[in-house]
Amino acid sequence: MTEKRGLSTLDVNIDMSKTDNLHDVIDNNQLIAIKKINSDSKKLIVMLNGAVNRTISQPPVFQRKTWLDYLPYNVIIIPDKTVEINDTLELGWYLGEHNKEYIHEVAQLVANTANELNINNDSIVFYGSSGGGYAAIILSTLIIGSSAISINPQITLNKYIKRIFDKFMADTGHNHKYSFLDATLCMETQKYIPRITIIQNKNDHLHYKEHFKKFLHWYIDNSNKISNLGDLTINTFIDEKGHNAMPNVYESMPYIDKKLSNSYLVATKSKETAPTIRIYTSSISMTFKMVGINDRALIFIKSNLSEDDTKILISKGWMISPKVGVCKYVTKSDNNEIIKISFDYLLGFEIGILHWQSDNNIEYKILNQ
């Protein structure tokens, strides 16, 4: 943990070339994102916005668009469509409406973009502040292997400003038991804690007390209960601007440039502790590291399956186990340490990975999701 007074400009190298490779992302004749392509980069930065001040601008709002001139990466800026439900909603945390979860649409857009650019999950960085910082943590929990940079974020939404939270709940129709209303509950449900960098102003008293400190207590108490987790980096600072004290593009670069840690997950032996992997694209691929010949991992379906879905999977070599349901073995049968597999028919499904019939650790990495 580091702390400083104010956020100073750091000595970093920034590409000052103009953004000639900007592209609009259109869906159903609506602009849903802006992306910058840099063929020299193998990193994808996903910019997310917080609250929308409708006295200044109307949705869609592309926060930090001016940063595109300086970031030497592939970048996609995705505004929150949730606030477009009506003319008065100012913050939606990318959660969409009840039974219409926008957060999964965003994850799918990011996964598709990464696949198009041949970028693996562990080179995806979600970046946001306040409500966008909250969304960054949620999305990095869903896209296994990615990371989040989160500035003065909310963690538990009902601990935020009551007027804003209550309006969000009323306008979207979400149930108070909805797991995506609390980042810690989301991580507990997913059985996975991603790599997170939190940059917190101590003078942002609401977020420092009700979100930041409580998250640290939760992390200390619960991280050892979750088998797979990434690095947690904390940087506190003091600035009289409170919640509005944000790092600029120069100050953010060292966090974005941070060397990524090993993103292999260790397969668990318990179905209940296996992280949930939701398939967002038809190009999912993963690698397994196995040591011994005939070591086995087991992929099992976590989603509720119809009879037709079950028949299709069985026709593709899956089987039904009384212990874990519909599943498929991954077996090491040669001297290659890394086994790469892909499933182009699991779009929209949720799967888990289990350690199975092996005396050795089994590790796996989600390349594309």
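This short talk goes from the whole chain down to two groups of paired strands.

Please keep in mind from the start that what you see is a predicted model. The chain, as it is modelled here, contains 7 helices and 18 strands. Its radius of gyration is 21 Å, which is close to the 21 Å that the globule rule gives for 369 residues, and therefore the chain is as compact as a globular protein of that length. If you take the principal axes and draw a box along them, the C-alpha atoms fill roughly 60 × 45 × 45 Å.

Let me stay with the whole chain for a moment. How much of the chain counts as buried? Of the 369 residues, 55% do, and here buried means under 20% relative accessible area. The accessible surface comes to about 16,700 Å², and 46% of that surface belongs to carbon and sulfur atoms. When we look at contacts between residues at least 6 apart in sequence, we find that 77% of them join residues at least 24 apart. As for charge, there are 40 positive and 40 negative side chains, and the centres of these two sets lie 4 Å apart.

Now to the strands, beginning with an open sheet. Four strands make up this sheet in the order 10-18-12-16, with antiparallel pairing. Its edges are strand 10, at 265–266, and strand 16, at 338–343, each of which pairs on one side only. Between them, strand 12 (residues 284–289) and strand 18 (residues 363–368) are joined in the antiparallel sense over 5 bridges. To find one of these pairings on the screen, look for Ser285, whose bridge partner in strand 18 is Asn368.

The other place I would like to show you is strand 13, which covers residues 296–301. Is strand 13 largely enclosed or not, and why? Of its 6 residues, 5 are buried, so strand 13 is largely enclosed by the rest of the structure. Strand 13 pairs with strand 15 (residues 325–331) in the antiparallel sense over 5 bridges, and Leu298 has Tyr329 as its bridge partner in strand 15. Strand 13 is also joined to strand 17 (residues 350–356), again running antiparallel, by 6 bridges, and in strand 17 the bridge partner of Ile301 is Ile351.

As you follow these strands by eye, it may help to remember that in a regular strand the side chains alternate between the two faces of the sheet.

Methods. Residues numbered from 1 in each chain as written. Predicted model: local features only at pLDDT ≥ 70, side-chain atom pairs only at ≥ 80, totals over all residues. Heavy atoms only, no water. Pairing = 2+ DSSP bridges. Helix = DSSP H or I, 4+ residues; strand = E, 2+ residues; numbered from the N terminus. Buried < 20%, exposed > 50% of the residue type's maximum accessible area, 1.4 Å probe, protein only. Rg over C-alpha atoms; globule rule 2.2 N^0.38 Å. Contact = heavy atoms within 4.5 Å. Areas by Shrake-Rupley, 256 points an atom, 1.4 Å probe, with all protein chains shown as cover. Lys, Arg positive; Asp, Glu negative; His and termini not counted. Charge placed at Lys NZ, Arg CZ, Asp CG, Glu CD.
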